[in-house]
Amino acid sequence: MLSKKPFEVPPYLLAYTKGMPKVRMAIAGANHPLSLKSIRLSVDAGLIDPVLVGNLDHIRAAAQEIDWDLGGYEIIKADGEEQTAITAVEICKSGEAAALMKGHIHTDALMTAVINRDKGLRTDRRLSHIFHMTIPNDKRVLMITDGAVNVCPDTSTKIDIINNAVGLAHVLGNPQPRVALLSGTEL
């Protein structure tokens with residue numbers, strides 16, 4: 001982590017979700033203390049009902065390290081990143097969970113399972129990636145897209161990416177998000 005400040009769930013999101021039902025969430029790679037701290041914050045805020053996926057011994061060791069009793073939570077054994085990703089995606093695809101969280105697992109392993117044509121989570125809508133970032137004690141939100149999925153987007157893809165980001169901003173309570181287009185490469 002670059003910052004020494006403790007991470008937090010943005011207060012505006014907590015206020016926005018107050019009274020909403022918990023979301024059953026599969027966490028791919030729940031085997032690291034930092035991942036489990038994030039999961040516990042979400043559980044304590046009443047946001048999620050987690051399904052922890054990964055190496056059982058590593059998940060239990062990480063939970064012990066942060067002093068969290070996992071007795072009331074479902075833990076599903078999956079060894080190795082590929083199997084962890086596939087298992088978490090299968091849980092979502094089957095409807096056993098409504099959301100997928102990336103834990104301590106490489107993005108490429110998770111995304112390979114997510115975009116698999118037969119067993120992944122594809123829909124008729126273009127998939128894109130959005131980083132939602134806030135700074136403690138600052139009301140501004142920064143959403144950066146797409147730094148992970150669409151590597152060299154054409155104009156049509158860029159429109160889909162923008163529509164996905166604007167749609168998320170709307171769902172999170174921002175009726176008029178500002179959009180800027182940037183490129184990290186020159187063609």
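Helices (H or I, at least four residues) and strands (E, at least two) are DSSP runs, numbered from the N terminus. The model is predicted: local features need pLDDT of at least 70, side-chain atom pairs count only at pLDDT 80 or more, and totals for chains, interfaces and linings use all residues. Residues are numbered from 1 along each chain as its sequence is written, and side-chain values use heavy atoms, with hydrogens and water left out.

**Exercise 1. Place Ala180 and decide whether Ala180 is buried or exposed.**

Step 1. Ala180 is found in the segment after helix H6 (155-171).

Step 2. Apply the cut-offs: buried means under 20% relative accessible area, exposed over 50%, and partly exposed in between (1.4 Å probe, protein chains only).

Step 3. Ala180 has 62% relative accessibility, so Ala180 counts as exposed.

Step 4. For a distance, take Ile162: 18 residues separate Ala180 from Ile162 in sequence, and their C-alpha atoms are 9.5 Å apart in space.

**Exercise 2. Work out the strand order of the open sheet and find its edge strands.**

Step 1. Two strands pair if DSSP finds at least two bridges between them.

Step 2. Strand S1 (residues 23-28) and strand S2 (residues 48-54) run parallel and are joined by six bridges. Within this pair, Ala26 stands opposite Val51, and Ile27 stands opposite Leu52.

Step 3. S2 and S3 also run parallel, with four bridges between them. Here Leu52 of S2 stands opposite Ile75.

Step 4. The four strands have the order S3-S2-S1-S4, with parallel pairing. Strand S3 (74-77) and strand S4 (99-102) are the edge strands, as each pairs on one side only.

Step 5. From one strand to the next the twist averages 25°; the axes behind such angles are lines fitted to C-alpha atoms (for helices over the stretch in contact), and angles run from 0 to 180 degrees between N-to-C directions.

**Exercise 3. Give the handedness of the crossovers that lead into S2 and S3.**

Step 1. A crossover is right-handed if, with the strands pointing away from the viewer, the path from the first strand over the helix to the second runs clockwise.

Step 2. S1, H2 and S2 form a β-α-β unit that is right-handed.

Step 3. From S2 the chain passes through H3 to S3, and this β-α-β crossover is right-handed.

**Exercise 4. Describe helix H2 by its length, its buried residues and what they pack against.**

Step 1. H2 covers residues 33-44, which is twelve residues.

Step 2. The expected span of a helix is 1.5 Å times one less than its number of residues. From first C-alpha to last, H2 reaches 16 Å, close to the 16 Å expected.

Step 3. The buried residues of H2 are Pro33, Ser35, Leu36, Ile39, Ser42 and Val43.

Step 4. Those residues pack against S1, S2, helix H3 (56-65) and S4.

Step 5. Just after H2 comes Gly46, with a positive phi of about 75°.

**Exercise 5. Explain why Ala30 counts as buried, and list what Ala30 touches.**

Step 1. Ala30 lies in the loop between S1 and H2.

Step 2. Ala30 counts as buried because its relative accessibility is 0%.

Step 3. Contact means heavy atoms within 4.5 Å. Not counting residues up to four places away in sequence, Ala30 touches Leu36, Ile39, Leu52, Val53 and Ile59.

Step 4. Ala30 and Leu52 are 22 residues apart along the chain, yet their C-alpha atoms are separated by 5.5 Å.

**Exercise 6. Which residues touch the most other members of the largest nonpolar core?**

Step 1. A nonpolar core is a set of buried Ala, Val, Leu, Ile, Met, Phe, Trp, Tyr and Cys residues joined through side-chain atoms within 4.5 Å.

Step 2. The largest such core has 18 residues, and Ala26, Val53 and Ile91 touch the most other members.

Step 3. S1, S2, H4 and H5 are the elements that give two or more residues to this core.

Step 4. Apart from it lies another core, of 17 residues, including Met25, Ile27, Ala63 and Ile66.

Step 5. In general, nonpolar side chains tend to be buried together in soluble globular proteins.

**Exercise 7. Locate Thr87 and decide whether Thr87 is buried or exposed.**

Step 1. Thr87 is found in helix H4.

Step 2. Thr87 has a relative accessible area of 10% and is therefore buried.

Step 3. Leaving out residues up to four places away in sequence, Thr87 touches Val53, Ile76 and Ala78.
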